[in-house]
Amino acid sequence: HLVQGPSGTTALYFPSQEVAVQCQISGNTPCIFISIIMPSYRNVALAMFLTLHGALGFGLRTSSLIASSASLRRTMSKATTTTAIYSTAEATESEKKTPIKNEEAYSKVKMEDIVSLCKRRGIIFPSSEIYNGFAGFFDYGPLGSELKKNVKDNFWRHFVQRREDVVGIDSSIIHNPTTWQSSGHLDGFSDPMVDCKETKLRYRADQLFCAPVTVEECGTTVGFVCVLEANDEDMVKAAKKQAKKLLKESDRKGQAIQPFAFKDLTQVSEEEMGQIPSPGSGKPTLTMPRDFNLMFQTNVGAMQDGSSVAYLRPETAQGIFINYKNVIGTSRQKLPFGIAQIGKAFRNEITPRNFIFRSREFEQMEIEYFIPPGDDVWQPFHEKWIADSKAFLETVGLREDLMGYDIHEGDGLAHYARACTDITFKFPFGEQELMGIAARGNFDLTSHTEGSGKSK
């Protein structure tokens, strides 16, 4: 609520949070310091949209009884003379209806319904739609652009403007190509890819899951099924359809089979690959997995040779690391402190899918938090950032029961990471990463110090 007092002071009042914020010179404003690392806006926005309980709206309320922000909550509850304008149909607090919650509604929602609704309401459109679209790219409409701006503004307000230990930057999308050599992206920023030799389609090997079809009675394997990554129910449903066809072809129609033991195609042998059907052809025509670099390549300047090759940044983190020395020298920050950035990133995804969750152009909201060196120092910071990141997601409206944790261990850790925990979200297409909190050690600063020949 926007509240106007007799002395000309203006304040914002959030009834659900019981927080009052002065809009003139900031007074004694209660703030919650919360933190977030590496969420992609596309994922947060999609998760927010999926967990909204009611219609989007705004309110404007005036009162002549406001004296100070300290008495704001009491005043709002006692106010007798108010005027209100709402974007919804409600006129007074007494007429406001409590929405009826359907706890089972989310479990039944399909991504097709979400995509259709987003287009009808002007939230998200396929890019270049009048030219039949362009896979992996999206445009945000009138409502979508406002939602997107609100998410980014909320992030920046909480993690930069309301903290003394975090500053912001806005680095360029194209860096000196040596940046990506030093960071390891030129050699290691890739996804495993398989090709269908018949249809010429390409798939991410870790997003295709196969399982043997084994007859329960005799233990005979009659073949393999291969399905795209999705939620468990949809994967089993697609696998059963393929298994039914295999049983019919082997004269075992109607026989019971063992439960599917899915594994992705990065874990199969060459012998098994010779029996796994391609989603495109329905026949075993897939190649063995190979690495595919995800960076978009471009040329800078008038020449089109090796010296002009550059890359669109695949992440915002490196722009922070290469500016570490500049920030230290100009912001007077001392350890521990953080550098935040919101900006575009580009990844040439093999198979963009699941709406805006996996697209080729997206925005990241990121903080790199620098701490004193030492093997016994980083754990408390890491745990604190995990807790604060979860708290932030709850403040923007995500349901706690739809979130979880995925702790990376062993081979699941990146080569530079000491530890990494993902906060996950139960999307309609399955539980996936929403935000990653990684303890990166000194790998990045050391790599750029050695690559540039300049001390940090």
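# Exercises on a predicted model

A hairpin of 2 residues leads from strand 20 into strand 21. The model is predicted, and the exercises below start from this hairpin before moving along the chain.

## Exercise 1: Strand 20 and its neighbours

Task: Work out which strands pair with strand 20, in what sense, and whether strand 20 is enclosed or open.

Solution:

Step 1. Start on the side of strand 19, which covers residues 403–408. Strand 19 and strand 20 run antiparallel and share 6 bridges. To find the register, look at D406: the residue opposite, in strand 20, is D422.

Step 2. Now turn to strand 21, residues 430–439. Strand 20 pairs with strand 21 over 9 bridges, again in the antiparallel sense. Here T421 has I437 of strand 21 as its bridge partner.

Step 3. Consider burial. A residue counts as buried when its relative accessible area is under 20%. Of the 9 residues in strand 20 (419–427), 8 are buried, so the rest of the structure largely encloses this strand.

## Exercise 2: Strand 11 and two partners

Task: Find the strands that pair with strand 11, and one facing residue pair for each.

Solution:

Step 1. Strand 11 spans residues 208–214, and 6 of its 7 residues are buried.

Step 2. With strand 12 (residues 221–228), strand 11 forms 7 bridges in the antiparallel sense. A211 faces V225 of strand 12.

Step 3. Follow the chain between these two strands. They make a hairpin with 6 residues in between, and G219 in the turn has a positive phi of about 75°.

Step 4. Strand 13, residues 263–264, is also antiparallel to strand 11, with 2 bridges joining them. In this pairing C210 stands opposite K263.

## Exercise 3: Checking a helix length

Task: How does the expected span of helix 5 compare with the distance between its end C-alpha atoms?

Solution:

Step 1. Helix 5 takes in residues 142–161, which makes 20 residues.

Step 2. The expected span is 1.5 Å times one less than the number of residues. For helix 5 that gives 28 Å.

Step 3. In the model, the end C-alpha atoms of helix 5 are 27 Å apart, in agreement with the expected value.

Step 4. To see which parts of helix 5 are covered, pick out its buried residues: G144, K148, V151, N154, F155, H158, F159 and V160.

## Exercise 4: Backbone angles to look at twice

Most residues other than glycine have a negative phi, and most peptide bonds are trans.

Task: Place S128, K200 and P336 in their loops, and describe the backbone feature found at each.

Solution:

Step 1. S128 sits in the loop between strand 6 (124–126) and strand 7 (138–140). Its phi is positive, near 55°. With 34% relative accessibility, S128 is partly exposed.

Step 2. K200 belongs to the loop between strand 9 (190–195) and strand 10 (202–204). Its phi is also positive, near 65°. The relative accessible area of K200 is 63%, so this residue counts as exposed.

Step 3. P336 lies between helix 11 (324–331) and strand 17 (337–346), in the loop. The peptide bond leading from L335 to P336 is cis, and its omega is near -5°.

## Exercise 5: Reading the surface

Task: Is E400 buried or exposed, and which residues make the nonpolar patch that includes I173?

Solution:

Step 1. Locate E400 in the loop between helix 12 (378–395) and strand 19. The relative accessible area of E400 is 52%; the cut-off for exposed is over 50%, so E400 is exposed.

Step 2. Leaving out residues up to four places away in sequence, E400 touches K390 and E394. The C-alpha atoms of E400 and F425 are separated by 9.2 Å, although these positions lie 25 residues apart in chain distance.

Step 3. The patch consists of I173, I174 and V300, and covers about 210 Å². I173 is in the loop between strand 8 (166–168) and helix 6 (178–183), and is partly exposed at 31% relative accessible area.

## Exercise 6: The whole protein

Task: How many helices and strands does the protein have, and what share of its residues is buried?

Solution:

Step 1. There are 13 helices and 21 strands.

Step 2. Among the 456 residues, 42% count as buried. The accessible surface is about 25,300 Å², with 51% of it belonging to carbon and sulfur atoms.

Step 3. Finally, take the contacts with a separation of 6 or more: 62% of them link residues 24 or more positions apart.

Conventions: Residues are numbered from 1 along each chain as its sequence is written. This is a predicted model: local features need pLDDT of at least 70, side-chain atom pairs count only at pLDDT 80 or more; totals for chains, interfaces and linings use all residues. Side-chain values use heavy atoms; hydrogens and water are left out. Buried means under 20% relative accessible area, exposed over 50%, partly exposed in between (1.4 Å probe, protein chains only). Helices (H or I, at least four residues) and strands (E, at least two) are DSSP runs, numbered from the N terminus. Two strands pair if DSSP finds at least two bridges between them. Patches are made of residues with over 30% relative accessible area and no salt bridge: like charges are joined within 9 Å, nonpolar side chains (Val, Leu, Ile, Met, Phe, Trp, Tyr) within 5 Å. Accessible areas come from the Shrake-Rupley method with a 1.4 Å probe; for residues, only the protein chains shown count as cover. A salt bridge is a side-chain nitrogen of Lys or Arg within 4 Å of a carboxyl oxygen of Asp or Glu. Contact means heavy atoms within 4.5 Å.
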